[in-house]
Amino acid sequence: MRDVRVAVHAEDAITFLGLVGVLADAPGTTLVAPASGGEADVTVVSEPSAGAATTELLRALEKPACGFLLISAHAATADWARLVELEVRAVLPRAEFTRERLLQTIRVIHDGQACFPPALQGGLLDHMNRVQREILTPRGLSASGLSVREIDVLRMAADGYSNVEISKTLPYSERTIKNVFYGLMKRFDLRNRTHVVSYAIRSGLI
């Protein structure tokens, strides 16, 4: 298995050198400097808080392939919905920092997963529920960005139903169902009905 390429950004030189020292001889990791052309899988960012200044910092940093790991002493009141949009995939509270936790969390991010403290997870779920309730549902949309109609049609198509069969089950005409597929092909730059269904399944849209 290839080493995880890790970049480090810290608010002060002492913290930076400490993190580099921990990672320099850690098995399964290779330190890189994105500014010099080395692409990172995970970038470890250590900041005192997770406020607006950290948000702007993340915008400015080169995006790692898998995501950011944020180490912070004060993260409870952060705008985590915004930070997740900026590719923060894990948070390690400074008070809980250990070498083992750092390496474990880096591996979690590299494996395509996320790791947030329970209190932050609750805040994210509350935000998602609020967006669904107040923004998406009134517009007939889902969290995937698809409409309820599109999801219904795609699910039946994925189960092997033809457009005619779908139109007999759902309250939509065959023409409407064809338009659904045409719209999805245009939106996602897909080739045909089969490609649309395959894309929706692979992307977790249905």
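**Exercise 1. Burial and fold outline**

Find what share of the protein's residues counts as buried, then outline the secondary structure.

*Solution.*
- Step 1. The protein has 206 residues, and 38% of them count as buried. The model is a predicted one.
- Step 2. Assign the elements: there are nine helices and five strands.
- Step 3. Read them along the sequence. The pattern is β-α-β-β-α-β-α-β-α-α-α-α-α-α.
- Step 4. Check the contact range. Take contacts between residues at least 6 apart in sequence; 60% of these join residues at least 24 apart.

**Exercise 2. The nonpolar cores**

Locate the largest nonpolar core and name the elements that give two or more residues to it.

*Solution.*
- Step 1. Recall the background: in soluble globular proteins, nonpolar side chains tend to be buried together.
- Step 2. Count the members. The largest nonpolar core holds 19 residues. Val153, Leu154, Ile166, Phe181 and Val196 have the most contacts inside it.
- Step 3. Map the core onto elements. Helices H6 (148-158), H8 (174-188) and H9 (193-202) each give two or more residues.
- Step 4. Look for another cluster. A second, separate core has 17 residues, including Val22, Ala26, Val42 and Leu102.
- Step 5. Zoom in on Leu154. Leaving out residues up to four places away in sequence, Leu154 touches Leu146, Phe181, Leu184, Val196, Val197, Ala200 and Ile206.

**Exercise 3. Helix H6 and its cover**

List the buried residues of H6, and state what covers them.

*Solution.*
- Step 1. Pick out the buried positions of H6: Glu150, Ile151, Val153, Leu154, Met156 and Ala157.
- Step 2. Identify the cover. It includes helix H7 (163-169), H8 and H9.
- Step 3. Step past the helix. Gly160 follows H6 and has a positive phi, near 95°.

**Exercise 4. Packing of H6 and H9**

Classify the arrangement of H6 and H9, then describe their contact.

*Solution.*
- Step 1. Choose the descriptors. Two packed helices are described by the angle between their axes and the distance between the axes.
- Step 2. Read the values for H6 and H9: an angle of about 100°, with the axes 10 Å apart.
- Step 3. Classify. Angles from 65 to 115 degrees count as roughly perpendicular, so H6 and H9 are roughly perpendicular to each other.
- Step 4. Assign the contact. H6 supplies Leu154, Ala157 and Ala158; H9 supplies Arg193, Val196, Val197, Ala200 and Ile201.
- Step 5. Sort by type: seven are nonpolar, none is polar and one is charged.

**Exercise 5. Cysteines**

State how many disulfides the structure has, and place Cys66 and Cys115 on the accessibility scale.

*Solution.*
- Step 1. Search the whole structure: zero disulfides are found.
- Step 2. Apply the cut-offs. Buried means under 20% relative accessible area, and exposed means over 50%.
- Step 3. Cys66 has 24% relative accessibility, so Cys66 is partly exposed.
- Step 4. Cys115 has 27%, so Cys115 is partly exposed.

How values were computed
Residues numbered from 1 in each chain as written. Predicted model: local features only at pLDDT ≥ 70, side-chain atom pairs only at ≥ 80, totals over all residues. Heavy atoms only, no water. Core = buried A, V, L, I, M, F, W, Y, C linked by side-chain atoms within 4.5 Å. Buried < 20%, exposed > 50% of the residue type's maximum accessible area, 1.4 Å probe, protein only. Helix = DSSP H or I, 4+ residues; strand = E, 2+ residues; numbered from the N terminus. Contact = heavy atoms within 4.5 Å. Disulfide = S-S within 2.5 Å. Axes fitted to C-alpha atoms, helices over the stretch in contact; angles between N-to-C directions. Parallel < 35°, antiparallel > 145°, perpendicular 65-115°, else oblique. Nonpolar A, V, L, I, M, F, W, Y, C, P; charged D, E, K, R; others polar.
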